[in-house]
Amino acid sequence: MKRVRSALFVPGDRPERLPKALASGADAVIVDLEDAVEPDVKAAARAAVAASLKTCGDRPVVVRVNAVQTIYFDEDIALCAASPAVAAVMLPKAESAADVARAAAAGRPVWPLIESARGVLALEAIAGAPGVERLVFGSLDFALDLDLDPVSAVGRAVLDDARHRMLLHARAADLPAPLDGVHPALDDADGLRAEAARARGAGMGGMLCVHPMQVAAINEAFSPSDAELAWARRVVEAAAGQRGAFRLDGRMVDAPVLARARRTMAAAGGA
């Protein structure tokens, strides 16, 4: 399964932005038919997306469809089923395995977007549903659903609880680490780096982003640093010919430490 550190949104009604997004360095590009598109232009945006998908070449994209409860869902899913350029369907407001099943009817992997209390409470069923490829945290909508302040200490604690539940259910279902939500402040590079580092430290696999200028910082945060990679190489090289645990630089290296070092090297290669 492809590693995704950064997933960049492109408004569905702005197809001219797709080439720039594909050239941004983002690991995934998400064409958005939901929040980025006003109701009165949904049909026009869908037609524009259908046309622009034919220009993607060998760079398939993810399409965020409208929620299953909307009148737009069925036509969005038909679009995804018809286009070979669609790599996955991002399903907003995912709250049940039945929701996932409807999205999976497109014949594409599904990325359920967890952005409500119901979605968090149904994580076991959602993560284990056929067709799910990875979980995604819609942190802003989740904060809105619970009417919490996402920048307050207590609000962050609630958001972190949801993240931890996603991590556990993703792991239990043999899914890759979930993608974290967006950092909405475009002029806050330091804040973006801090949030990305915090998300990676907590075990998240990557982040959503809303502008190409955010891609490089997110990719860097979710990739091993030079120091981490050097440590991993030293551990793996020192382990050659060893039997069981051994000592390196005053620290014990056992099976979990060696596994982490190999995982770090694999992540560097995957990036």
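Buried, as the word is used in these legends, means a relative accessible area under 20%. The structure shown is a predicted model, and each close-up below takes up one residue, one pair of helices or one pair of loop positions.

**Figure 1. Surroundings of D32 in strand β2**. D32 belongs to strand β2, which covers residues 28–32, and its relative accessible area of 3% falls under the 20% cut-off, so D32 is buried. The side chain of D32 makes a polar contact of 2.7 Å with the side chain of R64. When neighbours within four places in sequence are left aside, the residues in contact with D32 are F9, V10, P11, G12, V37 and R64, so that R64 appears here both as a contact and as the partner in the polar pair, because its side chain and that of D32 make a polar contact.

**Figure 2. N66 and its two polar side-chain partners, K42 and D76.** N66 is located in the loop between β3 (61–64) and α3, and with a relative accessibility of 4% this loop residue counts as buried. The side chain of N66 is joined to the side chain of K42 by a polar contact of 2.7 Å, and a polar contact of 2.7 Å also joins the side chain of N66 to that of D76. Not counting residues up to four places away in sequence, N66 touches L33, E34, K42, Y72, F73, D76 and P92.

**Figure 3. Packing of helix α2 against helix α3**. The axes of α2 (residues 42–53) and α3 (residues 73–82) are 11 Å apart and make an angle of about 10°. Because angles under 35 degrees count as roughly parallel, α2 is described as roughly parallel to α3. On the α2 side the contact is made by R46, V49, A50 and L53, and on the α3 side by E75, D76 and L79. Sorted by class, the residues of this contact of α2 with α3 comprise four nonpolar and three charged residues, with no polar ones. D76, listed here on the α3 side, is also the residue whose side chain makes a polar contact with that of N66.

**Figure 4. S116 in the loop that precedes helix α5**. S116 is found in the loop between β5 (110–114) and α5 (117–121), and at 5% relative accessibility S116 counts as buried. The side chains of S116 and E95 are joined by a polar contact of 2.7 Å, while a polar atom of the S116 side chain lies 3.0 Å from the backbone nitrogen of G119. Leaving aside neighbours within four places in sequence, S116 is in contact with E95, F142 and D145. The C-alpha atoms of S116 and D180, which are 64 residues apart along the chain, are separated by 14 Å.

**Figure 5. I114 in strand β5 and the residues around it**. I114 has its place in strand β5, and with a relative accessibility of 0% it counts as buried. Once neighbours within four places in sequence are set aside, I114 is in contact with A94, G119, V120, L123, I126, V136, F137, G138 and M166. A21 lies 93 residues from I114 along the chain, and the C-alpha atoms of the two are separated by 24 Å.

**Figure 6. Crossing of helices α7 and α8**. Helix α7 (residues 139–146) and helix α8 (residues 153–172) have axes that come within 11 Å and cross at roughly 120°, and the two helices are therefore oblique to each other. The crossing of α7 and α8 is right-handed. In this contact, S139, F142, A143 and L146 of α7 meet V158, L159, A162 and R163 of α8. By class, the contact of α7 with α8 has six nonpolar residues, one polar residue and one charged residue. F142, on the α7 side of this contact, is also one of the residues in contact with S116.

**Figure 7. Two loop aspartates, D147 and D249, with positive phi.** Most residues other than glycine have a negative phi. D147, found in the loop between α7 and α8, has a positive phi near 55°, and its relative accessible area of 72% makes D147 exposed. D249 lies in the loop between β9 (246–248) and β10 (251–253); phi of D249 is likewise positive, near 55°, and D249 is exposed, with a relative accessible area of 60%.

Key
Residues numbered from 1 in each chain as written. Predicted model: local features only at pLDDT ≥ 70, side-chain atom pairs only at ≥ 80, totals over all residues. Heavy atoms only, no water. Axes fitted to C-alpha atoms, helices over the stretch in contact; angles between N-to-C directions. Parallel < 35°, antiparallel > 145°, perpendicular 65-115°, else oblique. Left-handed = near helix turned anticlockwise from the far one by under 90°. Contact = heavy atoms within 4.5 Å. Nonpolar A, V, L, I, M, F, W, Y, C, P; charged D, E, K, R; others polar. Buried < 20%, exposed > 50% of the residue type's maximum accessible area, 1.4 Å probe, protein only. Polar contact = N/O pair within 3.5 Å; in protein donor to acceptor, adjacent residues only side chain to side chain.
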